[in-house]
Amino acid sequence: MPDFSSRMDRAKPSAIMAVAEKAKALKAAGKDIISFSIGVPNFLPGEHVYAAARDALAHDSGQYGSNRGAPALVDAFLKHIEAIGLTGYSAKNIATGVGAKHVIYNLCEALLDEGDTIAFPTPYWTSYVDIAEIVNAKIELLPCPASQHYKMTPEQLDATLAKKPRVFLFNNPSNPTGMVYSKEEISALADVIAKYPDTWIITDDIYNRMIFDGAGYHNFVHARPELKDRVIFIDSLSKTYGMPGWRVGFMAGPESVANAVTTMNSNHITNLPEITTAAAIAALTGPQDVPNAKVREFQDKRDQVMAVLDSIPGVVCPKPDGAFYVFPDISAYFGKSHDGKVVNNDIEFCNALLESKGVACVPGSAFGEPNALRISYTCPTPQLAPGMERIKAFFAEMQ
Ligand code: PMP
């Protein structure tokens with residue numbers, strides 16, 4: 001048999017899926033498992049979304065669709081982003097994809113030649129590394145540990161952009177930390193970006209509607225509208241609307257970049273399916289009561305999770321203002337043992353926690369921060385308190 005391409009040496013399956021699969025296998029074997037592993041929102045969209053999908057099925061055009069995205073979908077997305085103050089964009093600035101992941105992949109293919117540098121802060125969403133490796137980019141990381149609330153400082157950004165990476169990839173609110181940058185923080189970072197015109201800025205803000213305590217969503221182009229010629233905003237229906245499997249993502253940015261993503265679409269996918277498109281339009285333009293109620297529910301769950309984590313000695317967990325993750329630093333426990341077995345690192349910690357307490361979390365090293373683990377708290381509400389109590393008991397048993 002001939003070999004695979006060298007690209008396949010660099011392509012890896014998702015580390016998060018591996019934990020989720022292990023938890024599923026234990027559950028199938030009859031173990032009582034509570035999963036805090038995968039980042040799925042765990043709710044379904046409103047009935048109007050399904051009605052729109054059924055209607056599209058009944059009126060199938062039998063044709064291929066637009067590479068950019070159906071005009072009505074693009075229009076719905078334009079209105080959606082206007083509501084968060086991203087104004088002055090038109091259809092030429094928009095492109096769609098099969099989820100935000102696909103849009104980011106297309107952008108990396110469109111903007112990075114092999115060996116070009118893409119820079120991003122750690123902790124990062126795992127797929128950033130996976131995608132950068134497939135396109136054979138050089139990765140430059142900016143470490144942002146718990147001691148700085150997992151947030152990048154303007155000084156760190158300045159030092160990185162001075163090296164002229166081709167792309168800087170930002171994520172706000174953050175997966176895995178739930179951190180949300182304030183207006184002042186975004187403004188200070190935007191001032192740095194303005195100094196370095198040679199770098200494209202991708203801002204992956206798919207959790208922009210999932211922000212708590214009225215903290216507000218802020219974008220570099222709010223702070224400095226002139227950055228619109230280099231800032232590429234990413235959004236998705238997956239989390240906000242409980243539609244991860246429908247696979248709809250978007251970008252808003254310079255016309256040239258939207259055209260490039262559209263060209264990539266014409267080669268990869270041709271178009272988003274008609275049924276998906278109709279469902280997405282209904283989600284974006286229909287009643288917002290389901291997503292709004294979910295944000296309130298996630299805020300309550302965040303409070304419950306934080307109350308337990310704050311009560312565990314030695315665990316350091318900056319309080320998240322958004323998304324549905326917490327990312328406690330557990331490194332004070334490395335070197336201690338549980339059930340007579342030494343736990344040396346985050347991976348051993350998560351394995352021991354899963355095996356002894358049946359709670360699945362993702363090791364921080366999957367996100368470039370091996371001092372931590374990620375808890376995704378979107379499980380059904382009745383599972384949350386028992387899951388957190390098991391985590392607390394696990395820490396208490398370590399010696
Ligand atoms: N960006 C971030 C930060 C994410 O957490 C995720 C999903 N886990 C994505 C992008 C991908 O979202 P989508 O389902 O739209 O591909």
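This briefing covers a seven-stranded sheet, two helices and one annotated domain. The structure is a predicted model, in which local features need pLDDT of at least 70, side-chain atom pairs count only at pLDDT 80 or more, and totals for chains, interfaces and linings use all residues. Residues are numbered from 1 along each chain as its sequence is written.

**Sheet**
- The open sheet has 7 strands with mixed pairing, in the order β2-β8-β7-β6-β5-β3-β4.
- Because β2 (94-97) and β4 (138-143) are the edge strands, each with a single partner, one side of each has no neighbour in the sheet.
- On average, neighbouring strands are turned by 20° against each other, direction ignored.
- Strands are DSSP runs of E with at least two residues, helices are runs of H or I with at least four, and both are numbered from the N terminus.
- Two strands pair if DSSP finds at least two bridges between them.
- Strands β7 (residues 231-236) and β8 (residues 249-252) pair in the antiparallel sense over 4 bridges.
- Ile234 has Met251 in β8 as its bridge partner.

**Helices**
- Helix α6 (residues 126-134) has buried residues Thr126, Tyr128, Val129, Ile131 and Ala132; buried means that 20 or more other C-beta atoms, placed from the backbone, lie within 10 Å of the residue's own.
- Asn136, just after α6, takes a positive phi of about 60°.

**Annotated domain**
- UniProt, in an unreviewed entry, lists residues 31-391 as "domain: Aminotransferase class I/classII large"; such annotations may be inferred rather than shown by experiment.
- Residues 31-391 are 39% helix and 14% strand, with the end C-alpha atoms 16 Å apart.

Key: Axes are lines fitted to C-alpha atoms, for helices over the stretch in contact, and angles run from 0 to 180 degrees between N-to-C directions. A residue is buried if 20 or more other C-beta atoms lie within 10 Å of its own, exposed if 12 or fewer, and partly exposed in between; C-beta atoms are placed from the backbone.
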